[in-house]
Amino acid sequence: MRLRKSFVCGTAVAALVGSLGASTLLVSSASAGHSMPKGSTVVMTGPTGNKVEMVEPSNSTYVPRIARASAADRAEAQNLLNGVNDFCRTHSAKGLRGRWRAGMSNPSRPTHLFNPSSRSRGLHTAEPRAALVDNGKLVGVMFTGVPLPSLGSIPRAHSHNMSMPVEMVHVYCTHNLRDAFTPNRMLGVKADLEALRLKIRPAVMNLNGHQLHVVLHKVRDYAGSKLDPVSPSGTSANGGPDPALQAMRTEIRNSLMILSEAQLRSVDALMRSF
């Protein structure tokens with residue numbers, strides 16, 4: 001094994017050598033002890049050439065640079081994504097829930113539904129290892145392998161245990177190649193959504209009573225029963241906010257966590273039209 005940086009403790013290196021043979025270990029930083037500092041990431045090159053991060057996807061900072069990838073790697077990633085989008089188009093979390101096993105971390109509101117099929121290992125888009133779920137909706141799939149076949153330079157796999165060569169990769173349902181293969185959804189498929197929320201939330205304070213009524217009507221129409229009504233409370237005193245206006249502002253802000261990106265763009269456009 002060749003070390004790109006020499007700050008990894010001997011125990012961790014020995015475990016990697018035993019599990020990955022002649023793999024390459026890339027380390028951004030590490031302490032002299034057994035733990036990695038916050039924000040650091042171990043990236044290995046597995047037996048089939050895949051880059052594998054030792055970090056949860058939600059903590060990953062990897063964003064693929066699609067333009068720098070070769071034409072062959074872009075075609076390979078696009079072909080995989082096409083299969084994932086076909087799966088997402090023909091399945092739903094509700095439909096899978098009765099047949100696939102919910103992840104143990106939060107079985108009542110699972111983020112993973114695991115495929116019971118024995119054919120679910122590898123890059124089989126019709127039989128992924130797991131379906132990825134967010135707020136009850138199917139948002140992508142997970143493939144696993146020991147190891148996975150070659151993924152090319154765009155997808156970045158992850159693993160949870162340095163001593164086990166299991167590779168996992170998340171692919172999200174979207175037509176944007178970059179977002180589909182960005183492990184952390186807040187940096188990929190949800191990046192624009194979060195930016196819209198942060199843009200709209202403070203702007204609500206600038207709306208007058210009529211404008212608040214118009215925007216509230218729109219978000220209620222979009223959210224339906226998912227949005228709980230907010231009733232005015234208290235009284236306005238010493239120049240404080242009007243309780244009725246404040247209740248409308250609160251309800252609009254609450255809707256931001258419910259509405260889709262397209263719906264938020266519509267709300268943003270409406271607010272900018274005033």
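**Exercise 1. How much surface does the protein expose, and what share of it do carbon and sulfur atoms supply?**

Solution. The protein exposes about 14,600 Å². Carbon and sulfur atoms supply 53% of that area. Accessible areas come from the Shrake-Rupley method with a 1.4 Å probe, and for residues only the protein chains shown count as cover.

This is a predicted model: local features need pLDDT of at least 70, side-chain atom pairs count only at pLDDT 80 or more, and totals for chains, interfaces and linings use all residues. Residues are numbered from 1 along each chain as its sequence is written, and side-chain values use heavy atoms, with hydrogens and water left out.

**Exercise 2. Locate the disulfide and describe its two ends.**

Step 1. Search for cysteine sulfur pairs within 2.5 Å, the disulfide cut-off. The structure holds one disulfide. Cys88 is joined to Cys173, S to S 1.8 Å.

Step 2. Place the ends. Cys88 sits in helix α2 (residues 71-90), and Cys173 in the loop between β10 (167-172) and α4 (177-180). They are 85 residues apart, so the pair links distant parts of the chain. Helices (H or I, at least four residues) and strands (E, at least two) are DSSP runs, numbered from the N terminus.Step 3. Check burial. Buried means under 20% relative accessible area, exposed over 50%, partly exposed in between (1.4 Å probe, protein chains only). Cys88 is buried at 15%. Cys173 is partly exposed at 25%.

**Exercise 3. Which residue pairs with Arg156 in a salt bridge?**

Step 1. Apply the cut-off: a side-chain nitrogen of Lys or Arg within 4 Å of a carboxyl oxygen of Asp or Glu. The whole structure has twelve salt bridges.

Step 2. Name the partner. Arg156 meets Glu53, N to O 3.6 Å. Arg156 lies in the loop between β8 (137-145) and β9 (157-158), and Glu53 in strand β4 (residues 51-53), 103 residues apart.

Step 3. Check burial. Arg156 is buried at 18% relative accessible area. Glu53 is buried at 5%.

**Exercise 4. Where do Glu251 and Arg220 lie, and what does their salt bridge tie together?**

Step 1. Their side chains meet at 2.7 Å, N to O.

Step 2. Glu251 is in helix α7 (residues 243-255) and Arg220 in helix α6 (residues 209-223), so the bridge ties together parts 31 residues apart in sequence.

Step 3. Glu251 is buried at 1% relative accessibility, whereas Arg220 is partly exposed at 41%.

**Exercise 5. Which residues are linked with Asp134 in a network of salt bridges?**

Solution. Arg185 and Lys190 are linked with Asp134 in the network.
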